[in-house]
Amino acid sequence: MNDCIFCKIVKGEIPALKIYEDSDFIGFLDVNPRFIGHALIIPKKHLETILDIDNNQIGHMFEIVQKVAKTITEALDAKGFNIGNNNGQIAGQAVPHAHVHIMPRYETDEHHAGFEAAFKPSEDAKKELENTLKKIGTIDPVETKTPTPDPPKPETKKDENLDFAFDDNIVMSKFDG
Ligand SMILES: [Zn+2]
């Protein structure tokens, strides 16, 4: 996708007001900010929607969103923030490269509306609630990724395992460094 504006930002072909970068994601200020501090988080890879982001990356992406949102709101003394994400042209996605908006909100905002202001409740959708639930069903729980537990420490009995315990400490101190 050579004509993708976000890919060009990733490659440095278009300048961006970058506020975050790691090996897989970058964050920068939106050039058409809705609010002061309006930022975007995008994967470096050209992936069209969040459904295309790798399963083991999506959690990381939202950890970044959380960290950036916290930093921005504190730095700019915002009183809250919205997180926005459009997927697909029909949903208003303007750039076909997955991105999450972080929009800090202030007491001085003209109105304190959330996205509900853009989408009015639909009577038709309300009538369909039962049927909608039937169509979706219940979704299997997402497995929580538990961190790999530390390898069990060998029980160090005095005297007989002294050499082994000593080696183990060396290994541990290397990890600490
Ligand atoms: Zn792209």
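**Group meeting: the zinc site and G80**

The site of the zinc ion is tetrahedral, with angles of 105 to 116° among its four donor atoms. Keep in mind that this is a predicted model.

Which protein atoms are the donors of the zinc ion? Two are sulfurs: SG of C4 and SG of C7. The others are nitrogens: ND1 of H46 and ND1 of H97. These donors lie 2.0 to 2.3 Å from the zinc ion.

Now the spacing in sequence. The donor residues follow the pattern C-x2-C-x38-H-x50-H. The histidine pair links distant parts of the chain, with H46 and H97 sitting 51 residues apart. H46 is in the loop between β3 (39-43) and α2 (55-76). H97 is in the loop between β4 (80-84) and β5 (100-105).

Are these two histidines buried or exposed? Take H46: its relative accessibility is 23%, so it counts as partly exposed, because buried means under 20%. H97 has a relative accessible area of 0%, so H97 is buried.

Next, G80. This glycine is found in strand β4. Its relative accessible area is 22%, so G80 is partly exposed.

What does G80 touch, leaving out residues up to four places away in sequence? The contacts are T73, M103, P104 and R105. Look at P104 in particular. G80 and P104 are 24 residues apart in sequence. In space, their C-alpha atoms are 5.9 Å apart.

To recap: a tetrahedral zinc site, with donors from C4, C7, H46 and H97. And in strand β4, a partly exposed G80 that touches P104.

Methods
Residues numbered from 1 in each chain as written. Predicted model: local features only at pLDDT ≥ 70, side-chain atom pairs only at ≥ 80, totals over all residues. Heavy atoms only, no water. Donors = N, O, S within 2.8 Å, 3.2 Å for Na, K, Ca; no water. Tetrahedral: all angles 85-135°; square planar, octahedral: opposite > 155°, others 65-115°. Helix = DSSP H or I, 4+ residues; strand = E, 2+ residues; numbered from the N terminus. Buried < 20%, exposed > 50% of the residue type's maximum accessible area, 1.4 Å probe, protein only. Contact = heavy atoms within 4.5 Å.
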